[in-house]
Amino acid sequence: MQLSDFDFDLPESLIATRPAEPRSAARLLVAEGDKITDGVVTDLLDWLNPGDRLVLNDTKVIPARLAGYRVRSGPEGETQARMDVTLLEPRAGGAWAALIKPLKKIREEEEIVFAAGLKARLLSKADGQGVLQFDLEGADFDAALEAAGKMPLPPYIAAKRAADERDKTDYQTVWAAHSGAVAAPTASLHFDEALLAALKAKGVMLTHVTLHVGAGTFLPVKVDNVADHKMHAEWGRVTQQAVDEIAATKASGGRVIPVGTTALRLIESAAASGAIAPWEGPTDIFIYPGFTFHVADALMTNFHLPKSTLMMLVSALLGQDRIRRVYDHAISENYRFFSYGDASLLIP
């Protein structure tokens, strides 16, 4: 398979920069068999059955984008340089790997000063990234980051507008619980409390898992031969309770439907042996056509970038010809694409 097999032309006008209001008013494309149905997210109540189980990623996005300045004392006196920092992933001892711009203007052991009393010292830099040691930890760090940071919007939104206070709500799921993601599990952004209550009342069950989505989710695929691509690793956890709930649904004939590619990648990582089992640790699972799914019976997801690993994932689930028809339909019907865009329910 070649990277070009997953390419398509997407009009710039279909890239969403704000979500639908309310969340559950976003459009929903349902692909089942050869049929494509247009609706809205609240129509999930018509497509899901009592006994089905949605698997939800309960990671919490941190406001990982920080603006600060580096202070340096020298023969010419004190000088400052603006620094833009995007946190990527936590490291041991409270340190963080980060993108720092301009990286060449800061030396190891120098300090960056941010708002809200937050400071960080550069421990090392390599491969275009730095490792920062912050002066706060635990709840104090979380509070300062909340005050000083902005949401790390995807590059295709950030190129069109800056993040603002509204994004701190818009770019977070209503069930977010465990801090650590620097990108949202975006299919989950379509759910509000009213929709969740209606689904539960119908008998649709919910299971929570955690995958901290990393900035690598936006990295382009740079190889022509798809099989040569190496995925970034992300930390995840599937508890014994989640395993028991998913196994019980399978045993009773219900469908297990992850909400988002992150939840799907995690539960399939935990089921690599053929049966789902508790899991904790990094996963770099790469799902592309030819993959054998052990857990997921369907998938709710947004519409993805051309030539991306997520485009390969949905092609693995539905088949390349079928997903091409789905995307042709979505474009012709002006569905909104990417993180703040509309949703699809893909049923193999």
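## Exercises on a predicted model

**Exercise 1.** Which residues of helix α2 (residues 138-148) are buried, and what do they pack against?

*Solution.* Start with the list: in this predicted model, the buried residues of α2 are Phe 141, Ala 144, Leu 145 and Ala 148. Next, look down the helix axis. These buried residues fall within an arc of 100°, so they line one face of α2. That fits the usual helix geometry: with 3.6 residues a turn, residues three or four places apart point the same way. Now flip to the face turned away from the buried side, and you'll find the exposed residues Ala 139 and Ala 147. Finally, ask who the neighbours are. The buried residues of α2 pack against β5 (65-74), β6 (77-90), β7 (95-101) and β10 (129-134).

**Exercise 2.** Take strand β12 (residues 205-211) and work out how many of its residues are buried. Then find how β12 pairs with β3 and with β13.

*Solution.* Burial comes first: five of the seven residues in β12 are buried, leaving the strand mostly covered. On to the pairing. Strand β3 (residues 53-57) runs parallel to β12, and five bridges join them. To get the register, find Val 55, which sits opposite Thr 207 in β12. With strand β13 (residues 234-238), β12 pairs in the antiparallel sense over two bridges. Here the register marker is Thr 210, opposite Arg 237 in β13.

**Exercise 3.** Describe how helices α8 (residues 309-318) and α9 (residues 320-332) pack.

*Solution.* Geometry first: the axes of α8 and α9 are 7 Å apart, at an angle of about 115°. The crossing is right-handed. Then list the contact. From α8 come Met 311, Val 314, Ser 315 and Leu 318, and they meet Gln 320, Arg 322, Ile 323, Val 326 and Tyr 327 of α9. Sort these contact residues by type and you get six nonpolar, two polar and one charged.

**Exercise 4.** What is the strand order in the open four-stranded sheet, and which strands stand at the edges?

*Solution.* Read the order off as β2-β1-β17-β16, with mixed pairing. β2 (35-40) and β16 (299-302) each have a single partner strand, so one side of each is left without a neighbour in the sheet. From one strand to the next, the twist averages 20°. Now zoom in on β1 (residues 27-32) and β17 (residues 343-347): they pair in the parallel sense over five bridges. Ala 31 has Leu 346 in β17 as its bridge partner. As a last step, bring back α9, which lies across β1, β2, β16 and β17 and runs at about 150° to β1.

Key:
Residues numbered from 1 in each chain as written. Predicted model: local features only at pLDDT ≥ 70, side-chain atom pairs only at ≥ 80, totals over all residues. Heavy atoms only, no water. Buried < 20%, exposed > 50% of the residue type's maximum accessible area, 1.4 Å probe, protein only. Arc of directions from axis to C-beta. Contact = heavy atoms within 4.5 Å. Pairing = 2+ DSSP bridges. Axes fitted to C-alpha atoms, helices over the stretch in contact; angles between N-to-C directions. Left-handed = near helix turned anticlockwise from the far one by under 90°. Nonpolar A, V, L, I, M, F, W, Y, C, P; charged D, E, K, R; others polar.
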